[in-house]
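Work through the exercises below with the structure in view. Each task is followed by a solution in steps.

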Amino acid sequence: MSTFFLTIGFGLCAFVFCVLYRVVFGPGVFNRIAAISAIGTKTLIILLIMGFIYDRVEMFVDISMVYALLNFIGVLAAAKFLGLETDL
Amino acid sequence: MIRSSEDIIVRTVSRILVPFIQLFALYVIAHGHHSPGGGFQGGVILGASLVLLLITYGPQETRRHISEKSLIAFGSLGVIVYSGIGLICLFLLGNYLDYGKLSGLLRVVPSEARSLGILGVEIGVGFTVMAIMFSIFFDISSGGKPPDDEKNNP
Amino acid sequence: MEVTLLIQATDDSFRILEDAKSRAKELLDSASILEDARKQAKGLLDCTVGVTSEARQMEKQKIQAIFKGAQETKSGFQNFIATFSLLFVFWMLLSGKFDLFHLAIGVICSATIAYLTHDLLFANVRIGETWVIVWRFIAYMPWLTSQIIQSNMHVALLALSPRMPVDPRILRFRTKLESDISWVTLANSITLTPGTITMDINAGEFFVHALDQRVADDLHAGEMEDRVAHIFMEADHIYIQDALDVARIYVALRKWG
């Protein structure tokens, strides 16, 4: 069972590296913000899979929820700050 | 000066999410001793919920929910709770923050008294961290200018 | 949706009425007309000015009221009880411990947060029907999941075929929903379904980006909008003002031609 979760985890890491291309080379700042938000969703699942591998799911569910929250608020604040030329 | 967001989807979703975020933050504070969490982490999440309210609704609406006076009160209350528990332990002829001496006051076993003492200290830390996080964000993003309302305008 | 056709029909009739208004003005200005023609033109002008400006005013007010969001809640106590119970259920889901100490802490935390934010969660809901709406919302989820699975397979088929027959387009439509939370539910359901994304809601109109003609047809059929209106118990009555407007336009057109 642990091999199954390890395989899924490595597959998701490969997807994260694909999206990392847009973070580095994205023309403009909005592409980078959208790519970071997409990486955040993959990170949630990778955290849960680590919880399954170490057999302590309850702990990692809490951490995933906190990360989802902060990802949402961070993308909102960054978009608001970088989208306007004058004030917030 | 922070303007309220003109997008109705963002406003509605954030107003529904804020109570649940705050409840999750209090859960993280209260279960600090057998789950990842504790005082500082819960305080950061509480501050993040207030920041969400600020960037989607603007400063006037946020001040209806938490005014600047209560923000300063929360910041000081946390410090009072923390040092107050330490001083109570000092008055009961122990060391500073020696929670074991609280067992006489609360009538429980000394190990249980240590657990409750740490919980009280974490609550104090959470209050202070929430207040300071929110006021740092507010002061930096508004550029130091006080928000204009009816009292300040001549 | 038949509502879109109705809106287009009223738009066309508004345009006809604007033309009729300008022609009636010209007729009034020109010096050589008979008295009854002048009276007829004046009657038509009053009729059309009344219908177009008042209907547009009402519609603009309705959209502004929806955008403002929270109305004045007359029963804060019921909001407090509803918020407290939802938050306490959430607390018990999060913390699996049911001994007295943790339950007491849960009650204190839920009561504090429900007291501080009681006007946030249930701001726009009609009083007394909160539990019906919550139950209907829970019953809506399986249908949404089946829609997501169907659209997923269709979009996967599109993306994996070698020549990729996508035909992206932007749709623009009005809905018959009346409050901000039903707008947001519809917008989020459209975004969750693969193939469509809600880009913006601007002055009461939805701007949706769709991948394909078939996906756009699914959206235009209006089943999602009917189900969302059924959840929040809206748009299930006949608007008498619309019927009166249509009657007046019909009478004016009959008098004119």
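Two residues are in contact if their C-beta atoms, placed from the backbone, lie within 7 Å. The model used here is predicted.

**Exercise 1.** State which residues B:Ala25 touches, leaving out those up to four places away in sequence, and place B:Ala25 in a nonpolar core.

Solution. Step 1: the residues touched by B:Ala25, beyond four places in sequence, are B:Gly42, B:Ile45, B:Leu46 and B:Ser49. Step 2: B:Ala25 belongs to the largest nonpolar core, which has 42 residues. B:Leu23, B:Ala25, B:Ile45 and B:Val51 have the most contacts inside this core. Step 3: among the elements that give two or more residues to the core are α3 (57-83) of chain A, α2 (39-65) of chain B and α4 (100-116) of chain C. Step 4: a second, separate core has 20 residues, including C:Leu186 and C:Phe232.

**Exercise 2.** Describe the side of chain B that touches chain C.

Solution. Step 1: chain B gives 17 residues to the contact and chain C gives 22 residues. Step 2: helix α1 (residues 8-30) of chain B supplies the largest share of the chain B side, 15 residues. Step 3: the chain B side holds 11 nonpolar, four polar and two charged residues.

**Exercise 3.** Decide whether B:Leu93 is buried or exposed.

Solution. Step 1: B:Leu93 lies in the loop between α3 and α4 (103-106) of chain B, and its phi is positive, near 65 degrees. Step 2: a residue is exposed if 12 or fewer other C-beta atoms lie within 10 Å of its own. Step 3: B:Leu93 has 9 other C-beta atoms within 10 Å, so B:Leu93 is exposed.

Conventions
Residues are numbered from 1 along each chain as its sequence is written. Chains are lettered from A and ligands numbered from 1 in the order in which they are written. This is a predicted model: local features need pLDDT of at least 70, side-chain atom pairs count only at pLDDT 80 or more; totals for chains, interfaces and linings use all residues. Helices (H or I, at least four residues) and strands (E, at least two) are DSSP runs, numbered from the N terminus. Ala, Val, Leu, Ile, Met, Phe, Trp, Tyr, Cys and Pro count as nonpolar, Asp, Glu, Lys and Arg as charged, and the others, Gly among them, as polar. A nonpolar core is a set of buried Ala, Val, Leu, Ile, Met, Phe, Trp, Tyr and Cys residues joined through C-beta atoms within 7 Å.
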